[in-house]
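The following exercises concern the local geometry, strand pairing and side-chain contacts of one protein model. Please attempt each task before reading its solution.

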Amino acid sequence: MFKRMAQDFYFLRWYAAARLLGRRNPLQTVLAIGNACNLKCKHCAVYPRKPEDTLKKDYQTVRRELETCYKMGSRFVDFEGGEPFLWRDGERTVNDLFDLAKEIGFYSTTVTTNAQIPFDPCRSDLVWVSLDGVGKYHDLIRGPGAFDRLEKNVALSTHPNLNANMVINRYNWEAVEETVRYVADHPKFRLLAVSFHTPYPGTEEMTLDWETRCKVIDRSADLHKKGAPLMNTRSGLLRLKDMSFKKQCWISNFVLPDGTFEKKCGGDKLGICDRCGFGMTAEMVGLWNLNPETIRAGLKVRT
Ligand SMILES: C[S@@+](CC[C@H](N)C(=O)[O-])C[C@H]1O[C@@H](n2cnc3c(N)ncnc32)[C@H](O)[C@@H]1O
Ligand code: SF4
């Protein structure tokens with residue numbers, strides 16, 4: 001109860017400083033703890049193309065990075081890779097990094113995984129499992145056998161806040177409805193978050209044409225209205241139809257696998273914000289406008 005009040009108070013202070021004083025301090029950090037991965041997904045620009053390009057941070061480096069982000073104002077952290085569950089430093093595993101973030105003072109941790117190896121027990125508050133379709137659709141993007149391994153490891157998980165996230169591209173857009181139903185009927189998954197492919201260099205051909213993207217958004221917004229377990233808000237989904245809105249991406253900062261700190265997502269430097277597909281981009285605008293639907297959705301996914 002007191003913890004919750006302290007968090008709400010922090011949020012109000014952060015918001016007032018941003019709105020009234022123009023301070024642009026991050027509230028959330030996306031922290032890549034390396035780029036090593038056990039998959040080579042078609043849509044991904046992160047995994048090392050050559051073994052010598054593999055990057056891995058040690059425990060003390062992650063500690064320094066977390067402390068820096070905390071001092072900048074961040075209170076929520078999402079651990080990313082590469083594949084975070086491959087991470088080791090001696091006896092330490094990624095669970096020790098979740099604990100570390102809490103010790104430093106972060107309110108909540110999330111982790112995004114491809115679920116190719118068992119990830120239970122997991123001490124992150126929330127787990128995002130990347131699910132790019134059911135069966136053949138997922139495997140088309142992530143490689144043969146990836147869906148079966150994901151199903152097996154998700155079945156083994158005892159985590160109480162397990163969610164799925166799907167990146168929609170030209171290979172899997174027809175599978176969106178089936179994936180929504182799969183998550184709705186799944187005994188372990190709570191919610192599905194959807195994003196669209198963002199055309200990082202080398203992955204441009206995966207991009208969905210804009211007309212189809214808008215059709216998928218309308219259909220998803222419709223499913224949302226009918227009670228589908230979508231994490232995105234309806235307003236957030238619809239906002240993704242035209243990316244000319246004023247973005248508030250500074251709400252998240254990024255720490256890259258090589259330790260570079262970025263105040264915004266790399267899409268800005270690459271000049272691809274007009275083709276951004278991240279569902280969170282739209283939700284951050286909702287947060288900035290204190291949209292009740294966005295606040296309700298944020299609370300729902302974190303509890
Ligand atoms: C880089 S991965 C790291 C975590 C983990 N390896 C996984 O796949 O879940 C984080 C998320 O970024 C998504 N992603 C990768 N490439 C993307 C792209 N070009 N556009 C949008 N999302 C992308 C992945 O699908 C995944 O959900
Ligand atoms: S599993 Fe994640 S990090 Fe690895 S290649 Fe796929 S999207 Fe990239």
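The exercises below treat a predicted model, and each is followed by a worked solution.

**Exercise 1. The shell around ligand 2**

Task: List the residues around ligand 2 and state how they divide into nonpolar, polar and charged.

Solution.
- Step 1. A residue enters the list if one of its heavy atoms lies within 4 Å of the ligand.
- Step 2. The residues around ligand 2 are Cys-37, Leu-39, Cys-41, His-43, Cys-44, Tyr-47, Gly-82, Asn-114 and Arg-142.
- Step 3. By class, this shell comprises 5 nonpolar, 3 polar and 1 charged residues.
- Step 4. Gly-82, one of the residues in the shell, belongs to the loop between β2 (76-80) and β3 (88-89).
- Step 5. The peptide bond that leads from Gly-81 to Gly-82 is cis, and its omega is near 20 degrees.

**Exercise 2. Backbone geometry in loops**

Task: For Pro-121, Ala-115 and Leu-290, locate the residue in its loop and then describe the backbone feature found there.

Solution.
- Step 1. Pro-121 is placed in the loop between β5 (108-113) and β6. The bond from Asp-120 to Pro-121 is a cis peptide bond with omega near -5 degrees.
- Step 2. Ala-115 is also found in the loop between β5 and β6. Its phi is near 55 degrees, which is positive although the residue is not glycine.
- Step 3. Buried requires under 20% relative accessible area. Ala-115 has 0% and is therefore buried.
- Step 4. Leu-290 occupies the loop between α10 (279-288) and α11 (292-302). Here too a residue other than glycine has a positive phi, near 50 degrees.
- Step 5. With a relative accessible area of 36%, Leu-290 is partly exposed.

**Exercise 3. Strand pairing**

Task: Determine the sense in which β9 pairs with β1 and with β10, parallel or antiparallel, and do likewise for β7 and β8.

Solution.
- Step 1. Strand β1 (residues 28-32) and strand β9 (residues 252-255) run parallel and are joined by 4 bridges. Across this pairing, Thr-29 stands opposite Asn-253.
- Step 2. Between β9 and strand β10 (residues 261-262) the sense is antiparallel, with 2 bridges. Phe-254 has Glu-262 in β10 as its bridge partner.
- Step 3. The hairpin of β9 and β10 has 5 residues between the strands, and Gly-259 in this hairpin takes a positive phi near 90 degrees.
- Step 4. Strand β7 (residues 162-168) pairs with β8 in the parallel sense over 6 bridges. Met-166 is matched there with Val-194 in β8.
- Step 5. Strand β8 (residues 189-196) has 7 of its 8 residues buried, so the rest of the structure largely encloses it.

**Exercise 4. Salt bridges and accessibility**

Task: How many salt bridges does the structure hold? For the pairs of Lys-269, Lys-264 and Lys-226, give the N to O distance and classify both partners by accessibility.

Solution.
- Step 1. The structure holds 15 salt bridges.
- Step 2. Lys-269 pairs with Glu-262, with the closest N and O atoms 3.0 Å apart. Lys-269 is exposed because its relative accessibility is 67%, whereas Glu-262, at 15%, is buried.
- Step 3. Lys-264 pairs with Asp-268, and their closest N and O atoms are 3.3 Å apart. Lys-264 is partly exposed at 37%, and Asp-268 is partly exposed at 40%.
- Step 4. Through shared partners, salt bridges join Glu-177, Arg-219, Asp-222 and Lys-226 into one network.
- Step 5. In the pair of Lys-226 and Asp-222, the N to O distance is 3.6 Å. Lys-226 is exposed, with a relative accessible area of 63%, and Asp-222 is partly exposed, with 30%.

**Exercise 5. A surface patch and a buried glycine**

Task: Identify the residues of the nonpolar patch on the surface, then state whether Gly-133 is buried or exposed.

Solution.
- Step 1. The patch consists of Met-1, Phe-2 and Met-5, which together have about 440 Å² of accessible area.
- Step 2. Met-5 is part of helix α1 (residues 2-21). Its relative accessibility is 47%, so Met-5 counts as partly exposed.
- Step 3. Gly-133 lies in the loop between β6 (126-130) and α4 (136-142). Since its relative accessibility is 0%, Gly-133 counts as buried.
- Step 4. From C-alpha to C-alpha, Gly-133 and Arg-23 are 40 Å apart in space, and they are 110 residues apart in sequence.

Technical notes
Residues are numbered from 1 along each chain as its sequence is written. Chains are lettered from A and ligands numbered from 1 in the order in which they are written. This is a predicted model: local features need pLDDT of at least 70, side-chain atom pairs count only at pLDDT 80 or more; totals for chains, interfaces and linings use all residues. Side-chain values use heavy atoms; hydrogens and water are left out. Ala, Val, Leu, Ile, Met, Phe, Trp, Tyr, Cys and Pro count as nonpolar, Asp, Glu, Lys and Arg as charged, and the others, Gly among them, as polar. Patches are made of residues with over 30% relative accessible area and no salt bridge: like charges are joined within 9 Å, nonpolar side chains (Val, Leu, Ile, Met, Phe, Trp, Tyr) within 5 Å. Accessible areas come from the Shrake-Rupley method with a 1.4 Å probe; for residues, only the protein chains shown count as cover. A salt bridge is a side-chain nitrogen of Lys or Arg within 4 Å of a carboxyl oxygen of Asp or Glu. Buried means under 20% relative accessible area, exposed over 50%, partly exposed in between (1.4 Å probe, protein chains only). Two strands pair if DSSP finds at least two bridges between them.
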